[in-house]
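Biologist: Could you walk me through the charged pairs in this one? I'd like to hear the reasoning behind each label.

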Amino acid sequence: MSTRKALHAGWIIPVRPKSQILEKHTLVIEDQKIESILPTKDWKRRKRSHNIEESDLSSCVLIPGFINAHTHSPMSLLRGIAEDLPLDEWLNAYTFPLEAQFRNADLARSVYPDLVSTLLANGTTTAVYFSTIHMEASQVLAEVCRDAGQRAFVGKVVMDDPDQCPDYYRDSSTRQAIDETQGFIEFVRNLSGNDTDLVQPIVTPRFIPSCSHTALLELGRVADQMDCRVQTHCSEGDWEHQFVHERYGQSDTAALAELGLLQRGSVLAHCNFVSPTDMEIMKGALTGIAHCPISNAYFANSVFPLRRALDIGV
């Protein structure tokens with residue numbers, strides 16, 4: 001039996017048509033999907049069925065839910081801590097030691113429900129998550145998002161390069177990293193109660209410096225063969241940007257493209273040091289950017305060239 005709701009709002013600000021405010025409109029929901037938006041007076045005139053739940057929101061503004069396109073789930077425990085450090089120092093002194101603790105999935109069960117409920121309470125109905133390298137903790141995050149009804153893209157992080165990742169926090173082998181990525185994709189897609197794909201997997205190499213060349217190539221193949229989105233960091237700080245130039249002789253963006261990790265719907269985080277040429281590559285690949293202005297100011301001492309990106313059409 002279908003469930004219908006009618007929300008009679010004072011104002012609705014939709015995604016489309018763009019830049020419009022609809023006054024005294026009704027939003028009609030059927031089976032958890034928006035069926036229509038129409039003037040409330042027209043709704044009352046056309047109403048045929050009494051089998052509908054109505055809500056008077058005439059003093060309220062209805063807006064689309066917010067989207068957090070780059071969320072490090074463990075870092076909810078690091079808010080406001082050591083934000084004066086450069087990125088590479090912050091990662092090694094604070095981030096990696098914290099994330100390593102999520103080898104204990106009970107920590108994930110303690111932390112992640114509060115994270116997701118806090119995001120939802122503040123209007124963030126969709127989030128794109130970096131979990132950690134741990135399979136069980138990543139599975140917990142997917143289950144928490146499903147249970148809370150949050151639309152989510154959840155990624156089990158890959159960090160397999162022994163030269164760049166600490167001994168206490170890295171995948172035990174490249175093969176394990178790839179196998180667990182595939183296993184996690186299958187887990188989320190077969191998750192009980194996720195028939196509408198509200199929660200989806202996303203391939204997640206942390207960034208080029210943390211991954212071996214083989215892992216990056218294999219993750220591009222997995223994303224293509226399993227039709228899965230990709231998220232990673234790109235040219236976040238000058239250290240990372242220079243590292244990729246020295247390793248591949250080209251920009252972070254160009255390297256990711258050659259590795260098969262720039263695809264339709266990919267999400268690149270930060271991108272402070274990308275060039276107009278890089279942005280054209282992203283545009284051609286239909287890849288998006290999550291530019292994270294506060295993080296950029298703290299850890300990269302930089303500002304993403306947003307106007308240039310908008311003008312190019314990224």
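Modeller: Sure, and keep in mind that this is a predicted model. Let's start in helix α1 (residues 40-46), where D42 and R45 sit 3 residues apart, about one turn of the helix.

Biologist: What makes D42 and R45 a salt bridge?

Modeller: The N to O distance is 2.5 Å, and the rule asks for a side-chain nitrogen of Lys or Arg within 4 Å of a carboxyl oxygen of Asp or Glu, so the pair qualifies.

Biologist: Why is D42 called buried, and what makes R45 exposed?

Modeller: D42 has a relative accessible area of 14%, and buried means under 20%. R45 comes out at 56%, and exposed means over 50%.

Biologist: How do you know that R221 and E218 pair up?

Modeller: Their closest N and O atoms are 2.7 Å apart, and the cut-off is within 4 Å, so that's a salt bridge too. Both residues lie in helix α6 (residues 213-225), again 3 residues apart.

Biologist: And why is R221 labelled partly exposed?

Modeller: Its relative accessibility is 27%, and the label covers what falls between buried, under 20%, and exposed, over 50%. E218, at 22%, counts as partly exposed as well.

Biologist: What makes E30 and R4 a salt bridge?

Modeller: The closest N and O atoms are 3.6 Å apart, so the within 4 Å rule is met. This pair links distant parts of the chain: E30 is in strand β2 (residues 22-30) and R4 in strand β1 (residues 4-12), 26 residues apart.

Biologist: How many salt bridges does the rule give?

Modeller: The count comes to 13.

Technical notes. Residues numbered from 1 in each chain as written. Predicted model: local features only at pLDDT ≥ 70, side-chain atom pairs only at ≥ 80, totals over all residues. Heavy atoms only, no water. Helix = DSSP H or I, 4+ residues; strand = E, 2+ residues; numbered from the N terminus. Buried < 20%, exposed > 50% of the residue type's maximum accessible area, 1.4 Å probe, protein only.
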